[in-house]
Amino acid sequence: MPEETAPTDTTPAPTPAPTEAGSPSSVPGAVGCGCAALLLVPVLALVALLAWFLSGSTDMPRVAPEEMADRAFQRSQEAYDLVGFERTVEPGVEKIGVSTENTLDSGYCWGGGLLEDKTIDGAYQMSHVWALDHVPANQAVSGLRRLHRQLKDDGWEVTSYREGGKSKSWDLYVRRDDGDERMSFTWYQDREYFIGRASVPCAYDPEWKDGDSGPAEVDRTPPALEPAQRK
């Protein structure tokens, strides 16, 4: 007699009862939706950040170059007074890095954001450079230390300050307004040469028109730097 086997059950399996959400898969679906939402938040933040970078920083005032040139010069004159120099420095320069200097310059402003860096049409930045030769150690050292203290008290951020030592130079770098306005000072011990620089924030030239190659020309002849007692 053949061996008996258990009969095969052909009855369909019962359908699972629906959950409160209406289907057996509602709970997994809810978890998946939550994950997608969590992933979407950083993506949107990244898109917003990229859009900000790509737009560039163009929030600049409309100011004539002459006004910004005067502002840069005044920063230098104030520093010159603090150091206590007693010579008049006439405009111009005979030999850069050797002779006295008192010059203005204008440059382009750059923007465009994270992925593209280009000049901004109609924008410019003014800077002023001044220098003195034959500056002895006693005058340079006391002057730089006085500058360091006073500029900090006036709200400038000191980004670098170095007092000679084995180095051949003393250096002071300051900034404010998130770095839009800067000054730097260096005294070279080996050649007794003192140089200062002041740059002011970028601005739009009100006279600039579409098609112009750059900001309007400005008279780049500054006034003479003079000792405080002569002003």
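In this predicted model, start at R191 and Y188. The charged end of R191 lies over the ring of Y188. The distance to the ring centre is 4.3 Å.

Next, turn to rings that meet other rings. Searching the whole structure gives six aromatic pairs. One of them joins Y80 and W130. Their centres are 5.4 Å apart, and their planes meet at 80°. That makes the pair edge-to-face, because an angle over 60 degrees counts as such.

Now place these two residues on the chain. Y80 belongs to helix 2, which covers residues 65-83. W130 belongs to strand 3, which covers residues 118-132. They are 50 residues apart, so the pair links distant parts of the chain.

Are the two partners buried or exposed? Y80 counts as buried because its relative accessibility is 0%. W130 is also at 0%, so W130 counts as buried. Both residues belong to one aromatic cluster, together with F85, F185 and F194.

W130 also leads to a charged residue, E101, since E101 touches W130. Find E101 in strand 2, residues 101-111. E101 is buried, yet it has no salt bridge. Which side chain of opposite charge is nearest to E101? R197 is, at 7.1 Å. A salt bridge needs the charged atoms within 4 Å, so that distance is too long.

E101 does have a polar partner. Its side chain makes a polar contact of 2.9 Å with the side chain of T103. Leaving out residues up to four places away in sequence, E101 touches V89, G92, V93, I96, V129, W130 and A131.

Notes:
Residues numbered from 1 in each chain as written. Predicted model: local features only at pLDDT ≥ 70, side-chain atom pairs only at ≥ 80, totals over all residues. Heavy atoms only, no water. Phe/Tyr/Trp six-rings, centres within 6.5 Å; stacked < 30°, edge-to-face > 60°. Helix = DSSP H or I, 4+ residues; strand = E, 2+ residues; numbered from the N terminus. Buried < 20%, exposed > 50% of the residue type's maximum accessible area, 1.4 Å probe, protein only. Lys NZ or Arg CZ within 6 Å of the ring centre and 35° of its normal. Lys, Arg positive; Asp, Glu negative; His and termini not counted. Polar contact = N/O pair within 3.5 Å; in protein donor to acceptor, adjacent residues only side chain to side chain. Contact = heavy atoms within 4.5 Å.
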